[in-house]
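Student: Could we look at a protein model together and reason through what its atoms show?

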Amino acid sequence: MYLPPHDPHVDDPMRFKPLFRIHLMERKCATVECMYGHKGPHNGHIQIVKKDEFSTKCNQTDHHRMSGGRQEEFRTWLREEWGRTLEDIFHEHMQELILMKFIYTSQYDNCLTYRRIYLPPSSPDDLIKPGLFKGTYGSHGLEIVMLSFHGKKAKGTKITGDPNIPAGQQTVEIDLAHPLQLPDIETLRDFSELSRIVLEVQEQVRREEQEEEQQRQEEEDRSQQAASQPAAKPLGGEGAEGEETAAGAEGTTQNKAPASQPFVLPMGVISRNEDYPRTCRICFYGTGLIAGHGFTSPERTPGVFVLFDDDRFGFIWLELKSFSLYSRIKVSFQNAEAPSREAFDEMLKNIQSLVT
């Protein structure tokens, strides 16, 4: 397992933690060992579920228990996962979230399901190279997000989740057709000024979406009329296409603006990491997903996507008055002895036939 660095140090390397290992014997037999816990390797099991998915099960979960009971297990987990003790965490809400995460993760006892992650394709027109990023999420600590590009949109999808927003959800969406012109540094320190700029763009986006919906409806009506009158010439098709192409070209030119500008967080915006870059390349209007515990009442709220460089970006959550800093994961996700993807798939198939 690759764990993110301790909060809030997003630029630190990922941490490596073995969870299971496989022994292939000469006499066509195999053993699986669970590496979870602090009592050494013990008996485990692997099962192929379907394509790109397999599960592990520990057969000796007593090896995960500690003599000091759950309290000792929690303190040990806290030191390893967060790099601190409970006494170091003074915020009551953060203590509640951490305890909730411990209860949630410890109930599985290393009986886990693994699914392959397919990284997004890369295009020369992308703002930066897509991929995996470590990001700060307030009291939830660091989480892993996959950044991908889809025409005039960019999306950040959670690879790891939390009690509010689970893995697989789209945490941020960036509207690349709507770059933001930030004010000078002194004006930017005023949160109300940034809020005014973002909300004006939000209203502009809302109007454009309404106009596009109305235009789509009109085109559908014209199509229906054309179907009933085959001899009639379609109205405005070529001109509309030309306008769309021109708008797309203009948006691409804006997106590639190389000049940097000074950047500072407005007063009152909370950041877990104060060591964020003080210059940025470009900013865009975007939305961030927020929800209550258990992913209740989810809603998309306005925010600001801030591109710092090829490996770092940020997002200002306007409603939460919070800032998330993201840093690219650069590890290759395999150690020197790790097999190739094809070899690993073949190994799992062999194990499945040998241990069942």
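What follows is a conversation between a student and a tutor about this structure.

Tutor: This is a predicted model, in which local features need pLDDT of at least 70 and side-chain atom pairs count only at pLDDT 80 or more, while totals for chains, interfaces and linings use all residues. Residues are numbered from 1 along each chain as its sequence is written, and side-chain values use heavy atoms, with hydrogens and water left out.

Student: How many helices and strands are there in the chain?

Tutor: Helices (H or I, at least four residues) and strands (E, at least two) are DSSP runs, numbered from the N terminus. Counted in this way, the chain has six helices and 18 strands.

Student: Which element gives the most residues to the largest nonpolar core?

Tutor: A nonpolar core is a set of buried Ala, Val, Leu, Ile, Met, Phe, Trp, Tyr and Cys residues joined through side-chain atoms within 4.5 Å, where buried means under 20% relative accessible area, exposed over 50%, and partly exposed in between, with a 1.4 Å probe and protein chains only. The largest such core has 26 residues, and Leu180 and Val304 are among those with the most contacts inside it. Two or more residues come from each of α4 (191–228), β15 (282–292), β16 (296–309) and β18 (322–328). The element that gives the most, with six residues, is α4.

Student: Which cysteine has the sulfur closest to that of cysteine 283, and why is there no bond?

Tutor: A disulfide is a pair of cysteine sulfur atoms within 2.5 Å, and the structure holds zero of them. Cysteine 283 counts as buried, at 0% relative accessibility. Its sulfur is 4.0 Å from the closest cysteine sulfur, which is too far for a bond, and that sulfur belongs to cysteine 280.

Student: How many residues apart in sequence are the parts that aspartate 52 and arginine 116 tie together?

Tutor: A salt bridge is a side-chain nitrogen of Lys or Arg within 4 Å of a carboxyl oxygen of Asp or Glu, and aspartate 52 and arginine 116 meet in one at 2.9 Å, N to O. Aspartate 52 lies in the loop between β5 (42–50) and β6 (53–58), and arginine 116 in the loop between β7 (112–115) and β8 (131–136), so the pair ties together parts whose separation in sequence is 64 residues.

Student: Are glutamate 143 and lysine 158 buried or exposed?

Tutor: These two residues form a salt bridge, with the closest N and O atoms 2.8 Å apart. Glutamate 143 lies in strand β9 (residues 142–150) and lysine 158 in strand β10 (residues 153–158). As for their accessibility, glutamate 143 and lysine 158 are both buried.
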